[in-house]
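Please go through the model below with its helix packing, its enclosed spaces and its backbone exceptions in mind. The text after it takes these topics in turn.

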Amino acid sequence: MTLSTLLTIAVPEIIILIAAMSVLLLGVFYKNTTSLFGITQLTLLIAAYFTAQLPIDLKLTAFNEMFIADSLSMFLKLLSYFALSLVLIYSRSFLQSRNLHNGEFYALTLFALLGINLIISSYHLLSLYMGLELLSLSLYTLVAFDRNRPEATEAAMKYFVLGAVASGFLLYGFSMLYGITGSLQIAEISSRLSDASINPVVLSFALVFVVVGIAFKFGAAPFQLWVPDVYQGSATPITMFIGSVPKFASVAMLIRLLFQGLDHMVLDWQAMLLIMAIVSMLFGNITAIAQTKIKRLLAYSAISHVGFMFLGLATGTITGIASALMYIAVYVLMTLASFGLIIHLSNQGKELDQITDLSGLGKQKPWCAFLLLLIFLSLAGIPPTIGFYAKFSIIQATIQFGWIWPAVIAVMSALIGIFYYLRIIKVAYFDEPGKNLNQVSKSSNNELSVTLSINTISLLIIGLFPSSLMDIATLTSALIF
């Protein structure tokens, strides 16, 4: 492979790496954080431009087939750039009001994005693990970013310990795969697993360890213990970032490892994903009913949404992958809007915490209440929002595969979820205004308000015309194999 081709494939990652190191150094000597914000956004724009120049219908590899550029990598990387850009816009005013707006934040998010890109484009177990550790270490640091909050330090420690255990499981699974196939290259692992001489017991253990590692990164039940504590303990912008952009890397890791590497064991991992999907949907929605803090509620809501994604992926079909890719894009858009609203309703005095803090929002801030209505209707999967079509596409793919009873459980789970989403809308519109809302919603930021409004209205507009997004997801999934 020529140097020009090599650079063409890896140029977005090279740009992100250079920008991350530059922002880190500039943050030490140059205190104008607005410029650092601009540099980071420009980096995302340039990286998106070079990513979009790659051919979607070809599979290009680099670094001895450790790095791949294909339709999946292009789709997920472009979504990652877009999502991170929104995270930075939402976060700026919040971080400024708490004296946390510095170069380290932008450098860590860029390093995390670099890890995400490496995972998305990995075609080799070693490069995948390197990307995973780069992402994980960045996230551990971001969780503890607010050093004055004991909750953040506690959440970071829990996340670090549990993450290290999950990373060990995944690495042990990788070592087993290497031991029985003699290769770390995903395509070669797939071809060598058809050999009848491979020990099925060792291979089964390897699969279990790999799936456990993947499930932890998603936050799927029963490996979800870190999710509520990290969501609640982190600063809201960090929670927004953790709950959105890294999900793209998790989807890519699952598809690369299970669909492209362990495709000969489809019946085994299909059953595991199906069980985790059902447990995640039911556990997440039922547990969310009892929550009184909005970030913990959104954490359990996230677990249930992961269950829906797993259900689509468990089918193992092109339609199932397409519905899961669409679902992850829609879920991230909804997550950004929900946490963006929390940031918008918070100021220097007090951060929005309890669900009851939203009491009387419809009377005091009608536009914010309307945005809240759209966001939580979409999360609940009620038409005509895009959340409905995303859930519908998953259930449709499940039924087409012949799984009727999992589809019924998914519908029942969605009905349970509607209860606690509508409860938040009821508190905002029908409860009497309380003093808490006055304490947390005095400030306004035009940049944040406009971004939040566009983000939320898009949930309705895309919901009215969902075919374009579904067509892109279908094309992406069809070109993966």
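In which loop does Pro384 lie? In this predicted model, Pro384 is placed in the loop between α16 (366-380) and α17 (386-401). The peptide bond that leads into Pro384 from Pro383 is cis, with omega near 10°. A second cis peptide bond joins Ala221 and Pro222, and its omega is about 5°. Pro222 also has its place in a loop, here between α8 and α9 (226-233). Most peptide bonds are trans, and most residues other than glycine have a negative phi. Asn64 departs from the second of these habits, with a positive phi near 60° in a residue other than glycine. The loop that holds Asn64 runs between β1 (60-62) and β2 (67-69).

The helices come next. Two packed helices are described by the angle between their axes and the distance between the axes. For α8 (residues 200-218) and α11 (residues 246-261), the angle is about 165° and the axes are 9 Å apart. Since an angle over 145 degrees counts as roughly antiparallel, α8 is roughly antiparallel to α11. The crossing of α8 past α11 is left-handed. On the α8 side the contact is made by Leu207, Val210, Val211, Ile214, Lys217 and Phe218, and on the α11 side by Lys247, Ser250, Val251, Met253, Leu254, Leu257 and Leu258. Sorted by class, this contact of α8 with α11 comprises ten nonpolar residues, one polar and two charged.

Helix α8 also packs on α12 (residues 266-289). Here the axes come within 11 Å and cross at roughly 35°, and the crossing is right-handed. From α8, the residues Leu207, Val208, Val211 and Ala215 meet Asp268, Trp269, Met272 and Met276 of α12. Seven of the residues in the contact of α8 with α12 are nonpolar, none is polar and one is charged. Leu207 and Val211 thus appear in the contact of α8 with α11 and again in the contact of α8 with α12.

Helix α11 has a further partner in α14. Their axes come within 10 Å and cross at roughly 165°, so α11 and α14 are roughly antiparallel to each other. The crossing of α11 and α14 is right-handed, whereas that of α8 and α11 is left-handed. Lys247, Phe248, Val251, Ile255 and Phe259 are the α11 residues in this contact, and they meet Ile321, Leu325, Ile328, Ala329, Tyr331 and Val332 in α14. The contact of α11 with α14 divides into ten nonpolar residues, no polar and one charged. Lys247 and Val251 of α11 take part here and also in the contact with α8.

What spaces are left between the packed elements? The structure holds six cavities of 30 Å³ or more. The largest cavity contains about 140 Å³ of space. It is lined by 14 residues, of which Leu135, Leu139, Lys217, Pro246 and Ser250 are the closest to its centre. The elements that give two or more residues to this lining are α5 (125-143) and α11, and α11 gives the most, with five residues. By class, the lining of the largest cavity has ten nonpolar, two polar and two charged residues. Lys217 and Ser250, named for this lining, also belong to the contact between α8 and α11.

The second largest cavity has a volume of about 60 Å³. Its lining consists of Tyr231, Leu298, Ser301, Ala302, His305, Tyr331, Thr335, Ser338, Phe339 and Leu379. Two or more of these residues come from each of α13 (294-314) and α14 (318-344). The lining of the second largest cavity is made of six nonpolar and four polar residues, with no charged ones. Tyr331 is part of this lining and of the α14 side of the contact with α11.

How much space lies in the largest pocket? The largest pocket holds about 270 Å³. Ala10, Glu13, Ile14, Leu17, Phe63, Met66, Phe67, Leu114, Leu118, Ser122, Ser127 and Met130 line this pocket. Helices α1 (3-29), α4 (103-121) and α5 each give two or more residues to the lining, and α1 gives the most, with four. The pocket lining divides into nine nonpolar residues, two polar and one charged. Helix α5 therefore contributes, under the DSSP-based numbering of elements, to the linings of both the largest pocket and the largest cavity.

Methods: Residues numbered from 1 in each chain as written. Predicted model: local features only at pLDDT ≥ 70, side-chain atom pairs only at ≥ 80, totals over all residues. Heavy atoms only, no water. Axes fitted to C-alpha atoms, helices over the stretch in contact; angles between N-to-C directions. Parallel < 35°, antiparallel > 145°, perpendicular 65-115°, else oblique. Left-handed = near helix turned anticlockwise from the far one by under 90°. Contact = heavy atoms within 4.5 Å. Nonpolar A, V, L, I, M, F, W, Y, C, P; charged D, E, K, R; others polar. 1 Å grid on protein atoms, 1.4 Å probe; cavity = no way out; pocket = protein on both sides within 12 Å on 5 of 7 lines; lining within 4 Å. Points joined across faces, edges and corners; volume = space filled by probe spheres on them.
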